[in-house]
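Open the model in your viewer and keep the sequence panel visible. The stops below go from the sheet to the helices, then to the ligand and the charged side chains.

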Amino acid sequence: MERTAIFPGSFDPFTRGHAALVDEALNLFDRVIIGIGNNTAKRGLLTPENRKRLIDDFYAAQPRVEARIYTGLTGEFALGVGASAIIRGVRNTTDFEYERTMQAANQRIYPTLTTVMLFTPAVVADIASSTVREVLAFGRTVEEFMPEGVDIEKYL
Ligand code: PNS
C-alpha cells in the first residue's frame, strides 16, 4: 500500500529547512503532500497561491511531492487526501512545546493519524520563515535561507 504523509505549515516562505525535512520524509513515505495552511497568529508575506507556486516550481521534477492549499483543521485535510501521518519538524525545545500540544490535540480528535516529528538537520536548524521575512523587510537578499536556486523575488 502506498504511504502518504502530509507536511503542513504556513510556508511563508518555504525554506531550506523545510526542504531538508521533505527529503527526510521521502525516505519514510511514498508521497508527501505539502499542505499550506492558515496559522491565524502569523502575518503573511506571500499569498497562499505564491507559496504554492514556489513549492511547485522547486519540486517540478519530483513526482512524489505536491503542494496544496487547505483551510480548516489539519487533521481533516490529512484524512481527505488519504494520509496516515502528519510530518512536523522540530529544531529546538521551543518548537517541541508547541508541537507536543498540537500533536496531543490532533491525536485526541483524529486517533487514526500519527504525528511524525522529525529533527531538522543541525546545519539548517537556525532557519525560520520569520527570519526570512525580517531580513527581506530590511532590504537584504535571502538566498542563504531559501532552497537551492529559489529566487523569492519571483513570488513576492
Ligand atoms: O508553519 P506553522 O505556522 O508552524 O504551521 C502551523 C499549522 C498551519 C500547521 C497549524 O497552525 C495548523 O495545523 N493549523 C490548522 C488548525 C489545526 O488543525 N490545529 C491543530 C489542532 S488544534
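Two strands count as paired if DSSP finds at least two bridges between them. Helices (H or I, at least four residues) and strands (E, at least two) are DSSP runs, numbered from the N terminus. This is a predicted model, in which local features need pLDDT of at least 70, side-chain atom pairs count only at pLDDT 80 or more, and totals for chains, interfaces and linings use all residues. Residues are numbered from 1 along each chain as its sequence is written, and side-chain values use heavy atoms, with hydrogens and water left out.

**The sheet**

Select strand E2 (residues 31-36) together with E1: the two run parallel and are joined by 6 bridges. In this pair, look for Phe 7, which stands opposite Ile 34 in E2. Now show the whole sheet, which is open, has 5 strands in the order E3-E2-E1-E4-E5, and pairs in parallel. Its edge strands are E3 (65-69) and E5 (114-119), each of which pairs on one side only. Direction ignored, neighbouring strands of this sheet are turned by 30 degrees against each other on average.

**Helices on the sheet**

Add helix H2 (residues 48-58), which lies across E2 and E3 and runs at about 175 degrees to E3. Angles run from 0 to 180 degrees between N-to-C directions, and axes are lines fitted to C-alpha atoms, for helices over the stretch in contact; contact means heavy atoms within 4.5 Å. Next take H4, which packs on the sheet and touches E4 and E5, its direction making about 165 degrees with that of E4.

Stop at Asn 92, in the loop between strand E4 (85-90) and helix H4 (93-109). The side chain of Asn 92 reaches the backbone nitrogen of Thr 94 at 3.2 Å. This is a polar contact (a pair of N or O atoms within 3.5 Å; within protein, one must be able to donate a hydrogen and the other to accept it, and residues adjacent in sequence count only if both atoms are side-chain atoms). Asn 92 and Ala 125 are 33 residues apart in sequence, with their C-alpha atoms 8.0 Å apart in space.

**The ligand**

Which residues come nearest to the ligand? Of the 13 around it, they are Ser 10, Asn 39, Lys 42, Thr 74 and Arg 88; a residue counts as near if one of its heavy atoms lies within 4 Å. Polar side-chain atoms lie 2.8 Å from a ligand oxygen for Ser 10, 2.5 Å for Thr 74 and 2.8 Å for Arg 88.

**Salt bridges**

A salt bridge is a side-chain nitrogen of Lys or Arg within 4 Å of a carboxyl oxygen of Asp or Glu. By this rule the count is 10.

Select Arg 133 and Asp 12, whose closest N and O atoms are 4.0 Å apart in a salt bridge. Arg 133 lies in helix H5 (residues 129-137) and Asp 12 in the loop between strand E1 (4-9) and helix H1 (16-28), so the pair ties together parts that are 121 residues apart in sequence. Are these two residues buried or exposed? Both Arg 133 and Asp 12 are buried, where buried means under 20% relative accessible area, exposed over 50%, and partly exposed in between (1.4 Å probe, protein chains only).

Move to Asp 95 and Arg 91, which meet in a salt bridge at 2.8 Å, N to O. Asp 95 is buried at 11%, and Arg 91 is partly exposed at 34%. Elsewhere, Glu 2, Arg 31, Glu 66 and Arg 68 are joined into one network by salt bridges that share partners. Within this network, the closest N and O atoms of Glu 66 and Arg 68 are 2.9 Å apart.
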